[in-house]
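Colleague: I am new to this structure and would love a guided close look at one part of it. Could you pick a helix and walk me through its surroundings, then show me a few other spots along the way?

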Amino acid sequence: MKTFAPDFFQKDTFLLDVKDYDFLPADDARPACHIAYNVNPPFFRTMGVSVVSVVQNNPDLAVTAHILTDELTRDNLDKVQELARRLRCHCRVYLLNMEPFRDFHIKVERFSRITYGRMVMPLLLQPYTNRFLYIDADAMNVASLKPLLALDLHGAAMGACSEVPHEVPHRAGYLKLKSGKYFNDGIMVVDIPAWQAQHITERSFAYQKEPKTRFLGQSQDILNLVFDGSNYFLPKGCNEYGGGKRADDSAVFVHWTGRRKPWQMVLTRYDALWRHYLDLSPWDSLTNTAPIRKPENYHDFKEWGMFQRSQGNFAGFLKGMFWYSVLRIQYKSKL
């Protein structure tokens with residue numbers, strides 16, 4: 001495992017610049033809510049919609065969004081400033097020095113090392129709060145965050161939901177986790193003092209220079225190796241996978257973990273709600289709702305048609321079922 005000099009884990013090692021957009025009311029007496037994201041430039045829009053969802057569902061909290069990125073663009077900064085102004089919240093954009101992250105593995109070439117930014121969030125956020133929520137950009141808040149902010153983690157440094165049950169044995173087994181447990185790091189409640197006391201950041205960085213064949217994923221695998229079941233496990237409603245297709249009234253976050261995303265098509269009420277929050281953001285609205293007409297998308301057209309019928313659009317239902325039938329025949333003919 002890689003080792004580091006004692007002074008390596010300092011804020012100045014990782015931070016190049018900070019842009020601060022504070023539009024919270026000067027006399028704001030609401031309890032503070034700190035949320036955090038790590039995104040590269042193409043995901044600022046998705047992240048912005050997530051911030052909208054948090055503010056819309058928590059009018060009784062003073063929201064500060066901490067946004068870690070590997071590149072600043074003028075357009076993204078302008079939109080984040082406008083986002084903070086519209087929502088009357090506080091947005092801080094951190095430009096990370098990516099050099100300290102260079103020896104972390106990249107499992108898939110199109111992925112970015114910015115995902116490892118979540119490992120230094122407690123170090124950067126420590127001056128502002130003792131607790132924050134890490135949120136994947138493609139996760140949408142749909143309920144009050146007060147219970148999570150007040151949750152007793154029983155001494156654990158972090159709370160997260162278990163990965164979907166059928167994935168846990170495979171992933172935990174591949175990493176040789178003694179606990180046999182495996183969490184999804186897309187939503188995390190982080191207790192900064194406990195994280196620092198347990199040296200989670202330092203222990204995570206020790207996995208640099210490991211061969212990527214040791215892992216199935218990226219930051220999520222490393223955090224699971226570090227915690228190995230010692231994190232607090234949140235109720236499943238805190239991270240509803242698959243865009244919330246099986247979510248019930250306990251849902252707190254809906255997380256689009258699969259290939260289908262709400263900016264591509266609208267197949268459920270949560271997809272439609274994501275589009276609504278996009279409309280409230282500074283980013284351009286989207287008008288397309290149907291899947292792309294490719295044979296491999298035939299199942300999506302059936303779901304799209306059923307959703308249209310549920311919304312009273314019978315013509316949309318017929319259109320969806322027509323393309324479902326046509327594309328299904330095309331897809332099956334290739335097998």
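**A close look at helix H2 and beyond**

Modeller: Happy to! Before the helix, here is a place to get your bearings in this predicted model: the second largest pocket is lined by Arg 259, Gln 264, Met 265, Asn 288, Pro 291, Ile 292 and Asn 297. The space in this pocket comes to about 150 Å³, and its lining is made up of 3 nonpolar, 3 polar and 1 charged residues.

Now to helix H2, which covers residues 44–57. Two packed helices are described by the angle between their axes and the distance between the axes. Take helix H3 (residues 74–87) as one partner: its axis and that of H2 come within 11 Å and cross at roughly 10°. An angle under 35 degrees counts as roughly parallel, so H2 is roughly parallel to H3. On the H2 side, the contact is built from Phe 44, Met 47, Gly 48, Val 51, Val 52 and Val 55, while H3 brings Asn 76, Val 80, Leu 83 and Leu 87. Sorted by class, the residues of this contact are 8 nonpolar and 2 polar, with no charged ones.

An α-helix has 3.6 residues a turn, so residues three or four places apart point the same way. Keep that in mind as you trace these residues on your screen.

Helix H10 (residues 269–279) is another partner of H2, packing at an angle of about 95° with the two axes 9 Å apart. Angles from 65 to 115 degrees count as roughly perpendicular, which is why H2 is described as roughly perpendicular to H10. Here Arg 45, Thr 46, Val 49, Val 52, Ser 53, Gln 56 and Asn 57 of H2 meet Trp 274, Tyr 277 and Leu 278 of H10. This contact has 5 nonpolar, 4 polar and 1 charged residues. Look for Val 52 in particular: it takes part in the contact with H3 and also in the one with H10.

From H2 we can move on to Leu 145, in the loop between strand E6 (139–141) and helix H5 (146–150). Its relative accessible area is 0%, so Leu 145 is buried. Leaving aside residues up to four places away in sequence, Leu 145 touches Cys 33, Val 54, Asn 58, Leu 61, Leu 133, Val 252 and Phe 253. One of these, Asn 58, is 87 residues away along the chain, yet its C-alpha atom is 6.9 Å from that of Leu 145.

Back at H3, follow the chain into the loop between that helix and strand E4 (90–96), where you will find Arg 88. Most residues other than glycine have a negative phi. Arg 88 is not a glycine, but its phi is positive, about 55°. With 49% relative accessibility, Arg 88 is partly exposed.

A similar stop comes after helix H9 (residues 219–227), a helix that is mostly covered, with 9 of its 9 residues buried. Among what covers them are strand E7 (158–162), helix H6 (168–175), strand E8 (183–191), helix H7 (192–197) and helix H8 (200–205). Asp 228 follows H9 and sits in the loop between that helix and strand E9 (232–233). Asp 228 is not a glycine either, and has a positive phi of about 45°. Its relative accessible area of 23% makes Asp 228 partly exposed.

How values were computed
Residues are numbered from 1 along each chain as its sequence is written. This is a predicted model: local features need pLDDT of at least 70, side-chain atom pairs count only at pLDDT 80 or more; totals for chains, interfaces and linings use all residues. Side-chain values use heavy atoms; hydrogens and water are left out. On a 1 Å grid over the protein atoms alone, a cavity is a set of points where a 1.4 Å probe fits but cannot get out, and a pocket is an open set with protein on both sides within 12 Å along at least five of seven lines; lining residues have an atom within 4 Å of a point. Grid points are joined across faces, edges and corners, and a volume is the space filled by probe spheres set on the points. Ala, Val, Leu, Ile, Met, Phe, Trp, Tyr, Cys and Pro count as nonpolar, Asp, Glu, Lys and Arg as charged, and the others, Gly among them, as polar. Buried means under 20% relative accessible area, exposed over 50%, partly exposed in between (1.4 Å probe, protein chains only). Helices (H or I, at least four residues) and strands (E, at least two) are DSSP runs, numbered from the N terminus. Contact means heavy atoms within 4.5 Å. Axes are lines fitted to C-alpha atoms, for helices over the stretch in contact, and angles run from 0 to 180 degrees between N-to-C directions. Angles under 35 degrees count as roughly parallel, over 145 as roughly antiparallel, 65 to 115 as roughly perpendicular and the rest as oblique.
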